[in-house]
Amino acid sequence: MSFESLGLEPRLLQGVAAMGYTEPTAIQREAIPHILRGSDVVGAAQTGTGKTAAFVLPMLQRTPIKQGVRALIVTPTRELALQIDEVIRTAAKHTRHRTAVIIGGVGMYPQIDRVRRGVDIVVACPGRLLDIHSRRILDLSRVETLVLDEADRMLDMGFWPDVSRILGLLPAKRQNLLFSATMSAEVLRVVQSTLHDPVRVETSPVTTPVEQVDQTVYPVGRHQKTELLVRLLQGGGHRRTLVFTRTKHGADKLSRQLEKHGLGSAAIHGGRSQAQRQRALGAFRAGQSHILVATDVVARGIDVDNISHVVNYDMPNTPEDYVHRIGRTARAGAEGSAVSFLAIEELERLAEIEQALGMTIPCHDLEGFAYGARVVPDPARQVRGPKGSGGGYGGGSGGGNRHRSRQGGAGRSGRRR
Ligand code: AMP
């Protein structure tokens, strides 16, 4: 199937060519015709599926120019806003739409200035958008298309009160497009209360990780995680590695420790200024630093090609975060590896992830690594049933009799189970 057959006009097909796309992805095939017809659409799609172009292309076709702000895209993170803006700029090469990015962490006045000069499309994070709107500079009363991107993450991040206020500034009659990697009960409630008779389009469910990702778990004591990471990275074969930590502080600390071992890395998290975040991401994209240490919030949605390895230095809090994290590698048909360090206090999180995936993830040991105390999940464990029964993880009592505790274990060699 071609982009032409989806109903896109020649000026947008030129934009498609400028982006270098030859064939639409699944979400683009499914969503574009509905959006062109003016329907409300709910898209269940994670980053990496081509969802940005799926809403940008038809939105451009339907959005008039030079009549004030007619399209608004609301997104949870600044990086995502900048990425969407970049896609719009390329796609709109022959349509002359003008965009403004309205995000926190950078100066407000250039944004105000841009809005004053006249824009057709605004890409924004909720807080700054409300801030600028309250200064009576931005008129949202004639918006015809609203896109809520990564709706689940906006809910998780507590942005919903702000998003609700934004909805109140828009005309009641408008087209709504909502994209979300997961369709939790909360997201569905939002869909029901905000969207009008939406068409639902989806790609593979979020609990299906990309098949080309080779997943492994490395059981290791909490205090040996850095040492193990250094050894793995020094072992070679890691072209471009994205390392996830649970906290901002943890990301900074780990980045410093890697530096001490001669492993140059950049750190990106919500505690850094926008300029620092852009610099870190730029260095990683350009290949100047091969390691990026990140937290979930900012890493969500970052679009960097050729990530060969994802390391979960800390296990993610939810199965969805796990799928998102490991989905950063093996993009566009490439192969990738995802390695998860597992300390005793993280066993329950592994159980939840395996339950959601419906499979167990094999455990590996690094050959020659002097492991201290740790807990290794039972290789014969089964994926826990839906009611939490029959699992192989013990009753959450911390080292129950179903896992094997190991003290020492130095020299244990690359055991694959
Ligand atoms: P997204 O899910 O929107 O973040 O897009 C993920 C990546 O896929 C981006 O690097 C896009 O440039 C790329 N992409 C989107 N649509 C296509 C397409 N039809 N053909 C090839 N690459 C695409």
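**Exercise 1. Work out how strand β2 is joined to β5 in this predicted model, and find the bridge partner of A71 in β5.**

Solution. Begin with strand β2, which covers residues 71–74 and runs parallel to β5. Next, count the connections: four bridges join β2 to β5. Finally, look at A71, whose bridge partner in β5 is T145.

**Exercise 2. Determine in which sense β5 and strand β6 pair, and which residue of β6 stands opposite L146.**

Solution. Locate strand β6 at residues 175–180, and note that β5 pairs with β6 in the parallel sense, over four bridges. Then follow L146 across to β6, where N176 stands opposite.

**Exercise 3. Decide whether the residues on the two faces of strand β5 are buried or exposed.**

Solution. Take the cut-off first: a residue is called buried when its relative accessible area is under 20%. Strand β5 spans residues 145–148, with T145 and V147 on one side and L146 and L148 on the other. These four residues are all buried, and both faces of β5 are therefore covered in the sense of that cut-off.

**Exercise 4. Describe the second largest pocket by its volume, the residues closest to its centre, the elements in its lining and the character of its lining residues.**

Solution. The space in the second largest pocket comes to about 460 Å³. Its lining is made of 18 residues, and those closest to the centre are R222, G250, K253, Y313 and D314. Two or more lining residues come from each of α10 (225–234) and α11 (248–260), and α11 gives the most, with five residues. Sorted by character, the lining holds nine charged, seven polar and two nonpolar residues.

Technical notes. Residues numbered from 1 in each chain as written. Predicted model: local features only at pLDDT ≥ 70, side-chain atom pairs only at ≥ 80, totals over all residues. Heavy atoms only, no water. Buried < 20%, exposed > 50% of the residue type's maximum accessible area, 1.4 Å probe, protein only. Pairing = 2+ DSSP bridges. 1 Å grid on protein atoms, 1.4 Å probe; cavity = no way out; pocket = protein on both sides within 12 Å on 5 of 7 lines; lining within 4 Å. Points joined across faces, edges and corners; volume = space filled by probe spheres on them. Nonpolar A, V, L, I, M, F, W, Y, C, P; charged D, E, K, R; others polar.
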